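Visitor: Before we begin, could you show me the chain and its ligand, and then take my questions in turn?

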Amino acid sequence: MLRSYKGITPKLAEGVYVDESSILVGDINIGKDSSIWPLVAARGDVNYIKIGERTNVQDGSVLHLTRASESNPKGYPLIIGDDVTIGHKVMLHGCTLGNRILVGMGAIVMDNVTVEDDVIIGGGALIPPNKTLESGHLYVGSPAKKSRPLSADELAFLKVSAQNYVQLKDEYLEEGQ
Ligand SMILES: CC(C)(COP(=O)(O)OP(=O)(O)OC[C@H]1O[C@@H](n2cnc3c(N)ncnc32)[C@H](O)[C@@H]1OP(=O)(O)O)[C@@H](O)C(=O)NCCC(=O)NCCS
């Protein structure tokens, strides 16, 4: 379901799939071939959400932002790059994610976190505000710590995971879902 807020309606590029049980409100831009799965709630009201291409946001995930204020003139929008896999029931709040990232099921990523390209965040991880996660590494735990460098197979899997979801959403679109 797409809902306007203050006259701004979510914008979807070509090939985007949005499950009808999800709710997208306001200033949200979603790039080509990305997908939004059941029961996702994304609210682009007090700032904006930008999602890149071939990115998937899986079931039950929640996306929100922080408004601008005197001490924080831009607030914290939510920016997600290309080929990103957001697992089931993830909470992303006012953070910036690069490209080819996997955010494990149930992870929480808080305000002003930067996740560089090619990172895996383990299931259930908590990333506290203002942290930067370094490219090429696995982070696990609550609060999350750098666990180890990613293997070549894991780095390759990041792109594969995103591609699998592009294929899956194409099947859903073909079925008229
Ligand atoms: C993080 C993850 C990638 C690590 O897998 P792995 O290769 O088994 O990890 P490692 O072998 O390097 O594990 C190192 C240690 O971390 C622990 N560990 C693994 N995943 C963990 C997690 N999510 N949180 C905390 N600790 C974790 C392991 O038990 C191991 O501990 P030990 O050394 O005491 O035995 C995987 O467990 C995970 O969380 N994947 C997310 C999958 C997902 O959510 N996908 C999206 C939905 S499709």
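Visitor: What percentage of contacts between residues at least 6 apart in sequence join residues at least 24 apart?
Guide: The model is a predicted one, so the value is computed from its coordinates. Two residues count as in contact if their C-beta atoms, placed from the backbone, lie within 7 Å. Among the contacts in the protein chain between residues at least 6 apart in sequence, the share that joins residues at least 24 apart is 24%.

Visitor: How many strands does the protein chain have, and what is its radius of gyration?
Guide: The protein chain has one helix and 20 strands. The globule rule gives 16 Å for 177 residues, and the chain comes close to this, so it is as compact as a globular protein of that length, with a radius of gyration of 15 Å.

Visitor: Which strand gives the most residues to the largest nonpolar core?
Guide: This core has 45 residues, of which I101, V103, V109, I121 and I127 touch the most other members. Leaving aside residues up to four places away in sequence, I121 touches L102, V103, G104, A107, I127, Y139 and A144. By strand, the top contribution to the core is four residues, and it comes from strand β4 (residues 23-30).

Visitor: Which strand supplies the largest share of the shell around the ligand?
Guide: Of the 14 residues around the ligand, those that come nearest are G87, G104, M105, G122 and G123. The shell divides into five nonpolar, eight polar and one charged residue. Its largest share, three residues, comes from strand β19 (residues 137-141).

Key: Residues are numbered from 1 along each chain as its sequence is written. This is a predicted model: local features need pLDDT of at least 70, side-chain atom pairs count only at pLDDT 80 or more; totals for chains, interfaces and linings use all residues. A residue is near a molecule or strand if its C-beta atom, placed from the backbone, lies within 6 Å of it. Helices (H or I, at least four residues) and strands (E, at least two) are DSSP runs, numbered from the N terminus. Ala, Val, Leu, Ile, Met, Phe, Trp, Tyr, Cys and Pro count as nonpolar, Asp, Glu, Lys and Arg as charged, and the others, Gly among them, as polar. The radius of gyration is taken over C-alpha atoms; the globule rule is 2.2 Å times the number of residues to the power 0.38. A nonpolar core is a set of buried Ala, Val, Leu, Ile, Met, Phe, Trp, Tyr and Cys residues joined through C-beta atoms within 7 Å. A residue is buried if 20 or more other C-beta atoms lie within 10 Å of its own, exposed if 12 or fewer, and partly exposed in between; C-beta atoms are placed from the backbone.
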